[in-house]
Amino acid sequence: MTSWSPQRFRNAAEAADRDPTVIQNALAAAEIVRSSNPALPPLFTLRHLAQLTGNEYFQLRSVVRRDEPEPYRVFRIRKRPSFDGEKRFRVITVPQPHLLKTQRWITQAILAKVLPHHASVAFSKGNKLRDAAAVHCECTWLIKLDVRNFFESINEISVYRVFRSLGYQPLISFEMARICTRLGSSTTRKSGKHWEIRWIQRKIEAYEVYRPFGGPRMGHLPQGAPTSPMLANLAMRVFDTELEGISARHGLRYTRYADDLTFSSKGEFSREQAAHIVGLAYAAMARAGLSPNAAKARITPPGSRKIVLGLLVDGKEPRLPRDFKLNMRRHLHYLTRKDAGPIAHARARGFISTIGLRHHLEGLLSFAKQIEPDYAARCSEIFKTVAWPL
């Protein structure tokens, strides 16, 4: 994408005989964005966004107006069963091609050029799982908390504020917030103050969206849109700042990997202090419109195994846990046995095909290489000896 230039813009606008006042206002709006971050492209209108993304203006306007049909393909995937055996599902929403193209442009041209809070260790360029876990190595106490329905808890007002904080004008910020959020259905979780829309005089009535029984409706970040991860990080900057302040006052380290919050201590600490930190974190969640997943909360004292983001952190460096290595050993054992092999092992482990099993193991080996390269190299040598069917 060619870098935006105010001189080229002015020359092109004057050559097209545009109103000088309009030109000056556009340049002033662009300067606000550029002063916020010189790497960001100015955006003036929804039609301008449609032109930059190669979409039809009326398609994007239909998305902003929340017109039918649904611009997302919605399906469910099964999650791990809960401790009581209850089957759980994750709702995935895939944008339609024209919306996906626009969201990808916003992700690459805008969101990828903005840094989240440094405590946020996911969805940003250069962030590695190993580095995120390394922050908590050799800790004595570990506190892990989880946010319920993370993406769905971030509403379009929070997304609008992200774009406004980058210098974009109110209308195009609102329109991009609508493009990056999905209306979804009304739930009890969306009945709190965080989801209330103040009644003010509206200038564009076509953009109003109401519930079937009255009252405005508000969208949320859809899980499956390319814009959602980075927008979630940017929308959580104030929350991360508050949590880091709480941690600093209590001598703790704090990181957030999407919906996973981790606190650790290397000094003197107690279970009472840990419970106090949990209470402060839950109160901060409530102020941010988030809900804790209490079933996943963990307080790990000294002497217990400590795992962060699936990695052991009780030593000087993150390590692969024993469960991971036992699983890899089991796979390689049966894959190389003459009386088993890839076809029988894939069937026994519930894979539809040997190709799926092979890709799964290649992913595990790639992950292991990032954490323990020597171990991964030994496993890879055995993996190369597997007689995969043609």
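Helix 1 (residues 6-15) and helix 2 (residues 20-36) cross at roughly 160 degrees, and their axes come within 10 Å. Angles over 145 degrees count as roughly antiparallel, so that is how helix 1 and helix 2 sit relative to each other. Keep in mind that this is a predicted model. Here's a quick tour, starting with that helix pair and moving on to a second pair, a strand with several partners and a few single residues.

**Helix 1 with helix 2**
- The crossing of helix 1 and helix 2 is right-handed.
- On the helix 1 side, the contact is made by P6, F9, R10, A13 and E14.
- Helix 2 brings I23, Q24, A26 and L27 to that contact.
- Sorted by class, the contact of helix 1 with helix 2 has six nonpolar residues, one polar residue and two charged ones.

**Helix 10 with helix 11**
- Further along the chain, helix 10 (residues 237-249) packs with helix 11 (residues 271-287) at an angle of about 165 degrees, and their axes are 10 Å apart.
- That angle makes helix 10 roughly antiparallel to helix 11.
- Helix 10 passes helix 11 in a right-handed crossing.
- From helix 10, the residues making the contact are F239, E242, L243 and I246.
- Their counterparts on helix 11 are I277, L280, A281, A284, M285 and R287.
- This contact of helix 10 with helix 11 has eight nonpolar residues and two charged ones, with no polar residues.

**Strand 3 and its partners**
- Which strand is largely enclosed by the rest of the structure? Strand 3 (residues 141-148) is, because six of its eight residues are buried.
- Strand 3 is joined to strand 5 (residues 260-265) by six bridges, and the two run antiparallel.
- If you'd like to find that pairing in the model, look for L142, whose bridge partner in strand 5 is S264.
- Strand 7 (residues 298-300) also runs antiparallel to strand 3, with three bridges joining them.
- L142 is a handy landmark here too, since it stands opposite T300 in strand 7.
- Strand 6 (residues 291-292) pairs with strand 3 over two bridges, in the antiparallel sense.
- To spot the pairing with strand 6, go to R148, which stands opposite S291.
- As a bit of background, side chains in a regular strand alternate between the two faces of the sheet.

**Two residues with positive phi**
- E138 has a phi near 60 degrees, a positive value in a residue other than glycine.
- You'll find E138 in the loop between helix 6 (129-134) and strand 3.
- With a relative accessible area of 41%, E138 is partly exposed.
- L309, likewise a residue other than glycine, has a positive phi near 55 degrees.
- The loop that holds L309 lies between strand 8 (307-308) and strand 9 (311-312).
- Is L309 buried or partly exposed? Its relative accessible area is 21%, and the cut-off for buried is under 20%, so L309 counts as partly exposed.

**F58 in helix 4**
- F58 is part of helix 4 (residues 57-64).
- Its relative accessible area is 61%, which is over the 50% cut-off, so F58 is exposed.
- F58 and L46 are 12 residues apart along the chain, and their C-alpha atoms are separated by 9.5 Å.

Note on methods. Residues numbered from 1 in each chain as written. Predicted model: local features only at pLDDT ≥ 70, side-chain atom pairs only at ≥ 80, totals over all residues. Heavy atoms only, no water. Buried < 20%, exposed > 50% of the residue type's maximum accessible area, 1.4 Å probe, protein only. Helix = DSSP H or I, 4+ residues; strand = E, 2+ residues; numbered from the N terminus. Pairing = 2+ DSSP bridges. Axes fitted to C-alpha atoms, helices over the stretch in contact; angles between N-to-C directions. Parallel < 35°, antiparallel > 145°, perpendicular 65-115°, else oblique. Left-handed = near helix turned anticlockwise from the far one by under 90°. Contact = heavy atoms within 4.5 Å. Nonpolar A, V, L, I, M, F, W, Y, C, P; charged D, E, K, R; others polar.
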